[in-house]
Amino acid sequence: MQTLDSRNPGFCRAVPRMRGFTRLGWGCAAMLLALAFAIPAQAQSVRQGVSAFHRQDYATASRIFIPLAERGDAAAQSYLGMLFETGRGVPQNYTEAAMWYRRAAEQGDSRAQYSLGLLYDRGQGVPQDIVEASKWLNLATAAAPPQVREARARIRDAVTTKMTRGEIAQARLRALEWAPSREH
């Protein structure tokens, strides 16, 4: 007796024709349904990851964020950077944190821009570079929601006090020349 297990090579032969659909028709219908629900499922997964993060279930959050981040989701990349920076749910790794923050920052995620700027200021996971730090902090402050803009501006200004006029001008120019880019 043949079982209806999709891993079984004879599965398609075991599925009878039903109401005019051939096995190929059912397969196409299943693929269309999967595609139709793919985008909402991905969005729900990000929400589930954020929920796990807020519950302090960092291992679950990292398992949810990793595949989304690898597919280019900026929010997942930003959260994953935070997990690597703090060592929650994953081993602490500033280089990995900087890589995920950069991927999200390049797409315009202001939290990631802020965090990447701080890593450049401290030289954690990236070479210490005050100009690059200031660039990312300028961008993060400009794009910040109103409730955090003032706090980000204070940090940006504190970093600026360590810079020469030339470095400040260079950082501002880099920020002005920057444009977000989406991952493919």
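Residues 1-41 of this predicted model have pLDDT (the predictor's confidence in each residue, from 0 to 100) under 50 throughout, and they make 15 contacts (heavy atoms within 4.5 Å) beyond four places in sequence. The protein as a whole averages a pLDDT of 84, with 76% of the residues scoring at least 70. As a guide to what follows, residues are numbered from 1 along each chain as its sequence is written. Because the model is predicted, local features need pLDDT of at least 70 and side-chain atom pairs count only at pLDDT 80 or more, while totals for chains, interfaces and linings use all residues; side-chain values use heavy atoms, leaving out hydrogens and water.

The protein has nine helices and zero strands, taken as DSSP runs (helices H or I, at least four residues; strands E, at least two) numbered from the N terminus. Of its 184 residues, 39% are buried, meaning under 20% relative accessible area with a 1.4 Å probe, protein chains only.

Helix α6 offers a good place to look more closely. Its 13 residues, 110-122, reach 19 Å from first C-alpha to last, close to the 18 Å expected at 1.5 Å a residue, where the expected span is 1.5 Å times one less than the number of residues. Because 11 of the 13 residues are buried, α6 is largely enclosed by the rest of the structure. The buried residues of α6, among them Tyr114, Leu118 and Asp121, pack against α4 (74-86), α5 (94-106), α7 (130-142) and α8 (146-160). At the N-terminal end of α6, aspartate 109 acts as a cap, with a side-chain oxygen 3.1 Å from the backbone nitrogen of arginine 111. Just after α6, glycine 123 adopts a positive phi of about 70°.

Methods. Buried means under 20% relative accessible area, exposed over 50%, partly exposed in between (1.4 Å probe, protein chains only). A polar contact is a pair of N or O atoms within 3.5 Å; within protein, one must be able to donate a hydrogen and the other to accept it, and residues adjacent in sequence count only if both atoms are side-chain atoms.
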